Structures are given as C-alpha cells and as structure tokens.
Amino acid sequence: MQSDTRLSGKWEKSSRKKDPSGGPIFSAAFGIPLTINGLSPKPGQRRIAVNEKPQRAVLEMNEYQQEQLDALKMVRHGLMQLGEARRKKLIETVGDYMQFRRLVDDFLNRYFNEICTRTCYQSRTSACCARDSIITFFADTVIDALHATPAQLDRLETKLCRVNAGHRCVYLGSEGCVWTVRPVVCAMFLCDRAMDTVFRRAPEAKGLWASLRRQEKKFKWPDRPVLFDDLEKVFLDMGCQSTLMHLNLSPGLLRVKKNAGLM
Ligand code: SF4
C-alpha cells in the first residue's frame with residue numbers, strides 16, 4: 001500500500017504528552033533509557049551515536065524523534081526475531097484493519113480529495129501535517145513495518161535522524177508523508193473547514209464518516225479486546241517496552257480496560 005500523498009494527515013488538537021485516552025497528561029518516559037550509548041541529553045534534546053548511515057546522520061534529535069526512532073528500531077528488530085511465519089501471521093491478523101483503512105481511503109478520495117488538494121496540497125500549506133509531533137501508537141509502527149519495504153523503513157529512520165525545523169511533522173517529505181501506512185490519527189483527521197464544506201455539499205458523507213469513526217474505535221479503544229492492544233502485547237511478551245505502547249502504559253487507557261473487566 002502506497003503512502004497517500006494527498007497530505008491529509010492529522011492535526012491532533014492535544015500534544016503528544018496528553019494521555020491518548022483523553023485523560024490527564026502522562027509522563028512520556030516509561031522505561032526506555034533516556035541516554036544512548038551512555039551520553040546524556042541536553043535539556044529538550046537527545047544525543048545519539050548513530051552507527052547506521054553515518055553520512056546521513058545528525059548528532060542531535062529531539063525527544064519525540066528519539067522515541068519514535070526507538071520504537072521503529074524495536075519493531076524492526078522484533079519482527080526479525082519473530083521470523084517469517086509469525087510475520088505472515090501478523091499480516092493476516094491486521095487484515096481487517098487494512099480493509100478498514102482502504103474504506104477510509106476510498107471515503108477520503110471520494111469526498112475530500114478535491115478540497116484537500118486545492119486547499120492544502122497545491123498551496124503547499126499541508127496544514128494537517130503542520131505539527132512537529134503527532135500522537136502515534138506502537139501498533140501504527142508495527143502495521144507500517146509489516147507493510148513497508150526495508151528501503152521505506154530506512155527512509156523513515158533517516159527522516160527521524162534529521163534535525164526538524166519544528167514547523168512541520170518530521171515525517172513530511174517533499175513527496176508527502178513517508179509512512180507507508182500512515183498513523184491512524186492522521187488517516188482519521190479532517191479539519192473543521194474541510195468537514196463543514198463537504199458535509200454541507202454532501203450530507204450523506206457525515207453519516208459515513210461517523211460510521212468510520214465507530215469502526216476505528218473497534219481497533220484501538222480498549223473497552224474490548226482490540227488489535228492495537230494485541231500488537232503491543234506481542235512485543236511486550238518478547239521483553240520489549242516502548243513509550244508508544246499507550247494501551248498498556250497510559251493510565252487513562254488502563255482505566256478503560258479495567259472498567260471493561262479486561263484486567
Ligand atoms: S505522519 Fe506526519 S506527515 Fe505523515 S500524515 Fe501524519 S502528520 Fe502528515
């Protein structure tokens with residue numbers, strides 16, 4: 001599946017420090033070492049000793065980039081450890097989610113392509129990708145790694161290792177988003193202006209969008225067993241832990257699970 005260059009990313013209203021459950025602010029650090037190769041970061045920065053692609057590497061990245069890079073490397077390494085048969089099984093496991101994502105793409109192409117292209121792409125505004133740090137789930141990274149080629153994943157790593165000027169998402173390249181399967185918050189983001197315009201013109205789209213929103217919850221909202229939780233657990237069972245494992249680390253989402261009798 002190719003990355004959608006329509007640039008309909010997301011503009012999460014909350015910062016990534018917010019609990020993805022909508023609950024109170026939570027700590028971003030959940031056990032991933034804050035130093036790399038024994039070097040301590042400056043405030044607001046991580047210092048890295050990059051031993052891959054030294055010609056491309058930069059020496060300083062922000063905390064967001066570092067935790068994204070940590071998760072990506074963890075996922076790539078974990079998938080290698082799992083082996084080909086288990087990897088294929090995981091691809092089957094995420095099949096329903098990928099079908100859902102195709103429905104979302106079809107919907108967006110049908111109703112929003114024209115307005116997003118005109119408003120953001122042609123004008124190079126890309127307002128929906130204008131935040132430097134978006135909330136991603138660990139499962140987003142797993143799903144992307146399952147569907148991307150090694151070269152595409154290398155490209156993600158390269159982007160994360162570059163200094164980001166801060167006024168655009170770190171993943172936004174000249175050809176659009178460098179994810180192969182964009183994070184779900186990006187796929188499901190529509191700005192108010194676009195929604196107002198489209199839903200006025202095509203009222204049926206409003207109901208379809210609400211239905212897609214409900215389907216989205218079935219994959220990531222843990223008031224029932226959900227795919228995003230299962231994918232985190234595959235890696236937790238291997239002894240991996242990432243700050244992006246919100247369904248197992250966010251106090252708010254843990255509360256949702258507890259209230260649903262899932263823990
Ligand atoms: S990851 Fe960044 S560049 Fe990609 S769609 Fe989301 S906000 Fe836009």
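Let me start with asparagine 62, which sits in strand 2, residues 60-62. This is a predicted model, so please hear everything that follows in that light. Asparagine 62 has 19 C-beta neighbours inside 10 Å and therefore counts as partly exposed, since buried would need 20 or more. Its C-alpha lies 9.6 Å from that of arginine 162, and the two residues are 100 apart in sequence.

A word on confidence. The average pLDDT of the protein chain is 81, and 76% of the residues score at least 70. Where does pLDDT stay under 50? One such stretch is residues 1-18, with 57 contacts beyond four places in sequence in the model. Another is residues 22-58, for which the model again has 57 contacts beyond four places in sequence. Where pLDDT is low, the predicted coordinates should not be read in detail. I will leave those two stretches there.

Now the overall picture. The protein chain has 12 helices and four strands. It runs to 263 residues, and 34% of them count as buried. If we take contacts between residues at least 6 apart in sequence, 77% of them join residues at least 24 apart.

Next, the core. How many residues does the largest nonpolar core have? The count is 53. The residues with the most contacts inside this core are Phe112, Phe138, Ala139, Val142, Tyr171 and Phe228. As a general remark, nonpolar side chains tend to be buried together in soluble globular proteins.

Several of those names return when we look at a helix pair. Helix 5 covers residues 138-147 and helix 10 covers residues 227-236; their axes come within 9 Å and cross at roughly 80°. The two helices are therefore roughly perpendicular to each other. Which residues make the contact? On the helix 5 side they are Phe138, Ala139 and Val142, and on the helix 10 side Leu227, Phe228, Leu231 and Glu232. Sorted by class, that is six nonpolar residues, no polar ones and one charged.

Phenylalanine 138 deserves its own slide. Setting aside neighbours within four places in sequence, phenylalanine 138 contacts Leu231 and Glu232, and also Ala71, Ser242, Leu244 and Met245.

Staying with the surroundings of helix 5, consider the loop between helix 4, residues 113-121, and helix 5, where we find aspartate 132. Is aspartate 132 buried, exposed or partly exposed? It counts as partly exposed, because it has 17 C-beta neighbours inside 10 Å. Beyond four places in sequence, its contacts are Asn164, Gly166, His167, Arg168, Cys169 and Val170. For Cys169 we also have a backbone distance: the C-alpha atoms are separated by 4.0 Å, with the two positions 37 residues apart along the chain.

Two more positions before I stop. Isoleucine 91 belongs to helix 2, residues 84-93. With 13 C-beta neighbours inside 10 Å, isoleucine 91 counts as partly exposed. From isoleucine 91 to leucine 146 is 6.5 Å, C-alpha to C-alpha, and the pair is 55 residues apart in sequence.

The other position is glutamine 215, in helix 9, residues 204-220. Glutamine 215 is partly exposed, as 16 other C-beta atoms lie within 10 Å. Its partner in space is tyrosine 97, 118 residues away in sequence, with 9.3 Å from C-alpha to C-alpha.

To close, I return to the helix pair: helix 5 and helix 10 cross at roughly 80°, and Phe138, Ala139, Val142 and Phe228, which take part in that contact, are among the residues with the most contacts inside the largest nonpolar core.

Conventions:
Residues are numbered from 1 along each chain as its sequence is written. pLDDT is the predictor's confidence in each residue, from 0 to 100. Two residues are in contact if their C-beta atoms, placed from the backbone, lie within 7 Å. A nonpolar core is a set of buried Ala, Val, Leu, Ile, Met, Phe, Trp, Tyr and Cys residues joined through C-beta atoms within 7 Å. A residue is buried if 20 or more other C-beta atoms lie within 10 Å of its own, exposed if 12 or fewer, and partly exposed in between; C-beta atoms are placed from the backbone. Axes are lines fitted to C-alpha atoms, for helices over the stretch in contact, and angles run from 0 to 180 degrees between N-to-C directions. Angles under 35 degrees count as roughly parallel, over 145 as roughly antiparallel, 65 to 115 as roughly perpendicular and the rest as oblique. Ala, Val, Leu, Ile, Met, Phe, Trp, Tyr, Cys and Pro count as nonpolar, Asp, Glu, Lys and Arg as charged, and the others, Gly among them, as polar.
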